[in-house]
Amino acid sequence: MTESDRKPFLYVVVCAAGIAVDVGTLITAAQERDWEVGVIATPLAMNGFFDTEAVRAQTGRPLRSAWRRPDEPRPFPAPDALVLAPATFNTVNKWAAGIADTLALGTLCEVAGLGVPIAVLPCVADALAAHPAYRESVARLRGMGVRFADPYGGQAGEDGGRPRFGWERALDLLQDRD
């Protein structure tokens, strides 16, 4: 297969938020739009926030959360785009500050520096989204060309049900790039 024959490759970075349990929805939507997908998770997200074996099966690729050794081959090709979803308060703030203390954060910092399109679906409670550090982080990342959807707080409605997360919004944000 030549470079021009391969499908575009999407990195999906997953954080530790309850909604991560449904990350397969994003993977399915991306695959339906002809993306190949590789998943990178924060170390905390690997602790039961989603079904890691199901994600491995769905993508056909290893799930990454730790740095590889120098003698190990790269498990993913270079990204054509990246989605951070669900994006937590902590990850957004550390990324904007340039902190790369996990593979997920190091990848976010590096990919942003490469000019690769990035879409973010924040999963941040209203009180945290109002925090000055978060607002400044979002502004800094937007200034770098990162596209953000509105934050999802997941607050239950009057009927007790929670709103749908809308995983596909990330792909729409990538598609809407100028």
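## Thr102, the sheet and the nonpolar cores

At a relative accessibility of 16%, Thr102 counts as buried (buried is under 20% relative accessible area, exposed over 50%, partly exposed in between, with a 1.4 Å probe and protein chains only). The model is predicted, so local features need pLDDT of at least 70 and side-chain atom pairs count only at pLDDT 80 or more, while totals for chains, interfaces and linings use all residues. Residues are numbered from 1 along each chain as its sequence is written, and side-chain values use heavy atoms, with hydrogens and water left out.

Thr102 lies in the loop between helix H3 (89-96) and helix H4 (103-114); helices (H or I, at least four residues) and strands (E, at least two) are DSSP runs numbered from the N terminus. The Thr102 side chain reaches the backbone nitrogen of Leu105 at 3.1 Å. Setting aside neighbours within four places in sequence, Thr102 is in contact (heavy atoms within 4.5 Å) with Pro43 and Trp67.

Five strands form an open sheet in the order S2-S1-S3-S4-S5, with parallel pairing; two strands pair if DSSP finds at least two bridges between them. Strand S2 (36-41) and strand S5 (147-148) are at the edges with a single partner strand each, so one side of each has no neighbour in the sheet. Strand S3 (residues 81-87) and strand S4 (residues 118-122) run parallel and are joined by four bridges. Val83 stands opposite Ala119 in S4.

Pro86 belongs to strand S3 and is buried, its relative accessible area being 0%. Its C-alpha atom is separated by 9.8 Å from that of Asp22, 64 residues apart along the chain. Beyond four places in sequence, the contacts of Pro86 include Val14, Cys15, Leu121 and Trp167.

The two buried residues described above compare as follows.

| Residue | Place | Relative accessible area |
|---|---|---|
| Thr102 | loop between H3 and H4 | 16% |
| Pro86 | strand S3 | 0% |

The largest nonpolar core has 33 residues, and Leu10 and Val14 have the most contacts inside it; such a core is a set of buried Ala, Val, Leu, Ile, Met, Phe, Trp, Tyr and Cys residues joined through side-chain atoms within 4.5 Å. Strand S1 (9-14), helix H1 (23-32), S2, S3, S4 and helix H7 (169-175) each give two or more residues to this core. H1 gives the most, with five residues. Another core, of 28 residues, lies apart from it and has Phe9, Cys15, Ala96 and Phe148 among its members.

Conventions: Polar contact = N/O pair within 3.5 Å; in protein donor to acceptor, adjacent residues only side chain to side chain.
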